[in-house]
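User: Could you take a close look at one spot in this model and follow it outward for me? I'd like the reasoning spelled out as you go.

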Amino acid sequence: MNFDDICDNLSSFNVSNDENVGIKEYRIGMYKVKTPKQDQDTRRALLLERQKSARQEKTALLRQIEADTSFDDDERVNPYKNQLMLSEWLKQKPVDFEDRWVFKCVPVGQRTLVVAQKGRTCSYTKSGYRTDIFPSLLPGGNSSSKGAYTVLDGIWVDEASTFYILDIICFNSHAVVDSETEFRFFWGDSKFREDLTEIDVPGQRNMYAFKWLPNYPCTPEGFNSAGILDTPSSPSLDGILFYHKECHYSPGVTPLVGWVKPDKLQVFLRPQATKR
């Protein structure tokens, strides 16, 4: 599925006007934060070096799930809060942009943490607020798979009643927070294509559709394949997330994930990927 297909599915959206600053700033905040003054390339190199020398600990959320402990949303400590990996504004192309980066086209929607465990599936906002409880075909997400658990990072699009999945944190009780982007994206894509063949269709055991968002290489061919150079101002496209191929999944802000708005894409890509 390329971005043109996503746009077709979301073509009926009512998108907020530019003057609605509050909604725009809220949506932008779901993906990126302000960039520290230190050079982004320098911070990326330091972070990648630390990843080589130290294995990342599992997040508090995964430890809680593995321990099979209960959690009430009104408890003082909320393990679902701040578990999503957030990007920075990508101010300029990294030095290794074409070789070491991939991108995903992000539809307009709500950034969401999806947790399937104990026979039910829950969705949470970035701040850990639970928005829904429902059955799904994710491992751990329905009564026939209570023993497993799955955690995904995605976008909830209300008008389409669909979760568009950006990244995979844990699948069928196998955590991949220590895995690089290339493996997580490959594994997630293969799971959705081979193991979850019916998850894109709502049903009794799968209340909402789930769809894996494809990733593309940061090359002229990749951008043309995604189709976003032809429709950079599509109302269904919220922005583009760029991932370093060696990035581990870590909650919070990382310079290894960058965010570019559609109206800035053509300028950002010059001269490597001009439209053909």
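Analyst:
**Starting from one lysine**

Lys261 has a relative accessible area of 16%, so it counts as buried, the cut-off being under 20%. Bear in mind that this is a predicted model. What does that lysine pair with? Lys261 makes a salt bridge with Asp238, and their closest N and O atoms are 3.1 Å apart. This joins distant parts of the chain: Asp238 belongs to strand E12, while Lys261 sits in the loop between strand E13 (252–260) and helix H8 (265–269), 23 residues apart. Asp238 is buried as well, at 2% relative accessibility.

That bridge is one of seven salt bridges, and two others are worth a look beside it. In one, the side chains of Arg111 and Asp153 meet at 2.8 Å, N to O. Arg111 comes from strand E4 (residues 110–117) and Asp153 from strand E7 (residues 149–157), so this pair ties together parts 42 residues apart in sequence. Arg111 is buried at 2%, and Asp153 is buried at 1%. In the other, Asp189 meets Arg193 at 2.7 Å, N to O. Here the partners both lie in helix H6, four residues apart, which is about one turn of the helix. Asp189 comes out at 25% relative accessibility, so it counts as partly exposed.

Back to E12, the strand that holds Asp238. Which aromatic pair involves this strand? A search of the whole structure turns up 21 aromatic pairs. In one of them, the ring centres of Phe103 and Phe242 are 5.9 Å apart and the planes stand at 45°, so the pair is tilted. Phe242 lies in E12 (residues 237–244) and Phe103 in strand E3 (residues 101–107), so the two rings tie together parts that are 139 residues apart in sequence. Phe103 is buried, at 0% relative accessibility, and Phe242 is buried with 0% too.

A pair elsewhere makes a good contrast: Phe171 and Trp187 have ring centres 5.9 Å apart, but their planes are at 75°, so this pair is edge-to-face. Phe171 is in strand E8 (residues 162–171) and Trp187 in helix H6 (residues 181–195), so that pair spans 16 residues in sequence. Both partners, Phe171 and Trp187, are buried.

Phe103 and Phe242 have further company: they form one aromatic cluster with Phe97, Tyr216, Phe223 and Phe268. Right after Phe103 in sequence there's Lys104, whose charged end sits over the ring of Phe185, 4.1 Å from the centre. Lys104 also lies over the face of Trp212, at 3.9 Å from the ring centre.

Now H6 again, the helix with the Asp189–Arg193 bridge. Lys191 is found in H6 too, and at 18% relative accessibility it counts as buried. Leaving out residues up to four places away in sequence, Lys191 touches Phe171 and Leu196. That brings the story back to Phe171, the E8 partner of Trp187.

Where does E8 come in when you zoom out? The largest nonpolar core has 51 residues, and Leu113, Val151 and Phe210 touch the most other members. E8 gives the most to this core, with eight residues. Apart from it lies another core, of 18 residues, which includes Tyr216 and Phe223 along with Ile228 and Leu265. Those two aromatics, Tyr216 and Phe223, also belong to the cluster with Phe242.

Leu113 shows what one of those busy positions meets: not counting residues up to four places away, its contacts include Leu61, Tyr80, Gln83, Val151 and Ile169. Leu62, in helix H4 (residues 60–66), has some of these names on its own list: beyond four places in sequence, it contacts Tyr149, Val151, Ile169, Cys170, Ala175 and Val177. With a relative accessible area of 1%, Leu62 is buried. Leu62 and Gln83 are 21 residues apart in sequence and 9.9 Å apart in space, C-alpha to C-alpha.

For the wider frame, the protein has eight helices and 13 strands. Of its 276 residues, 53% count as buried. Among contacts between residues at least 6 apart in sequence, 71% join residues at least 24 apart.

Technical notes. Residues are numbered from 1 along each chain as its sequence is written. This is a predicted model: local features need pLDDT of at least 70, side-chain atom pairs count only at pLDDT 80 or more; totals for chains, interfaces and linings use all residues. Side-chain values use heavy atoms; hydrogens and water are left out. Rings of Phe, Tyr and Trp (its six-membered ring) pair if their centres lie within 6.5 Å; planes under 30 degrees apart count as stacked, over 60 as edge-to-face and the rest as tilted. Helices (H or I, at least four residues) and strands (E, at least two) are DSSP runs, numbered from the N terminus. Buried means under 20% relative accessible area, exposed over 50%, partly exposed in between (1.4 Å probe, protein chains only). A charge sits over a ring if NZ of Lys or CZ of Arg is within 6 Å of the ring centre and within 35 degrees of the ring normal. Contact means heavy atoms within 4.5 Å. A nonpolar core is a set of buried Ala, Val, Leu, Ile, Met, Phe, Trp, Tyr and Cys residues joined through side-chain atoms within 4.5 Å. A salt bridge is a side-chain nitrogen of Lys or Arg within 4 Å of a carboxyl oxygen of Asp or Glu.
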